[in-house]
Amino acid sequence: MIEKPFIIALDFPNKKETMEFLNKMGPESLYIKVGLELFYQEGPSILYELKEKGHRLFLDLKLHDIPNTVMQAMRRLAGFSPDMVNVHAAGGKRMMEAAIEGLDAGTCSGSDRPLCIAVTQLTSTSPSQLKNELLIEKTMEQTVLQYARLAEESGMNGVVCSVHEADGIYRRSSSSFLTVTPGIRQKDDTLNDQIRVADPETARRKNVSAIVVGRSITKSADPLEAYKQMKNQWEGITV
Ligand code: C5P
C-alpha cells in the first residue's frame, strides 16, 4: 500500500455523478473507494474506467457469507484488479481464510494480489447498539481488538475500524497490519449516520494507516478545497 493513503469514498448513485465529481478534483491520481451503491448501479465497467484514469481502487463490498461463497466471489473480484477489497470479520476465521484463497486463485500471475482487510465493527455502530441490539457484552474496544486478532491470524492485511480503536490494534499487531478508518469528519462537520468519528489530525496521531472520507468532501460546496485541507491535516502539513 502507498504510504498513508487518503481514500475518497465515491458514494454516488451513478457514473455520471461520479465523473462530474472527479472532474472537479483536477488531474491528480486519487485513491478512491467504490462501494455498494455505485457498484450495484454500474457493475464492473466503472472499475475499469476508474483504474484507466490512473486512480487506485478500494472495492468496498464487505463480503459476509459462507466460506465457499466468499472464496468464489473473491476469485471474481480479483479479476477486476482492485488494489484492496474487504470482508466482515464477523464471518469468522475460515471465511476470512477462504477470501484470501479466492483472491490468490483469481489474481493473474505476475500481478499483485489485492490487499484484503476485514471490517471489525461499523463506525456507525454505537456501544449501546453493541450491547442492546447485538447482545455483545464485551466493550467496543475488546470486540474490535478480538476481530482484529482473528483477522491477522486469518492472513488479512488489516482491518477497518474507527480511529478510536486503531492505536490499540497498532500496538498489538505486526507493523505491516493496516488500520483503515472511516468515520472521518472535520471538527465542525455534521456526523450524518456515523457515531465513532474523528478528524484527520487525530487519525494521524493515533497511528492510523489510511483514512476514508466520503461526505465531508463529496457534499462540500468546494470538494477540491475540502480534500486539500483534510489531506494537509492528515499529512501534518501546516499552511
Ligand atoms: O460519508 P462518510 O465519510 O461517512 O463515508 C464513509 C464511507 O466508509 C462509506 O462509504 C461507508 O460505507 C464506509 N464504511 C464505514 N464504516 C465501516 C466501513 C466502511 O463508514 N466500518
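Student: At what angle do helices α7 and α8 pack?

Tutor: In this predicted model, helix α7 spans residues 140–153 and helix α8 spans residues 163–172. Their axes lie 10 Å apart. The angle at which α7 and α8 pack is about 40°.

Student: Is α7 roughly parallel or oblique to α8?

Tutor: The two helices pack at an angle of about 40°. Angles under 35 degrees count as roughly parallel, so the packing angle makes α7, relative to α8, oblique.

Student: How many charged residues take part in the contact of α7 with α8?

Tutor: On α7 the contact involves Met140, Glu141, Val144, Leu145, Ala148 and Glu152, and on α8 it involves Glu165, Gly168, Ile169 and Arg172. Five of these residues are nonpolar and one is polar. The number of charged residues is four.

Student: Which residues of α3 make the contact with α1?

Tutor: Helix α1 (residues 15–24) and helix α3 (residues 45–52) have axes that come within 12 Å and cross at roughly 15°. Because of that angle, α1 is roughly parallel to α3. From α1, the contact is made by Lys15, Met19 and Leu22. Its partners from α3 are Ile46, Glu49 and Leu50.

Student: Which helix gives the largest share of the largest nonpolar core?

Tutor: The core has 61 residues, and Met74, Val87 and Ile217 have the most contacts inside it. Beyond its neighbours within four places in sequence, Val87 is in contact with residues including Leu63, Met74, Met95 and Ile117. The largest share of the core is seven residues, and these come from helix α7.

Technical notes: Residues numbered from 1 in each chain as written. Predicted model: local features only at pLDDT ≥ 70, side-chain atom pairs only at ≥ 80, totals over all residues. Heavy atoms only, no water. Axes fitted to C-alpha atoms, helices over the stretch in contact; angles between N-to-C directions. Helix = DSSP H or I, 4+ residues; strand = E, 2+ residues; numbered from the N terminus. Parallel < 35°, antiparallel > 145°, perpendicular 65-115°, else oblique. Contact = heavy atoms within 4.5 Å. Core = buried A, V, L, I, M, F, W, Y, C linked by side-chain atoms within 4.5 Å. Buried < 20%, exposed > 50% of the residue type's maximum accessible area, 1.4 Å probe, protein only. Nonpolar A, V, L, I, M, F, W, Y, C, P; charged D, E, K, R; others polar.
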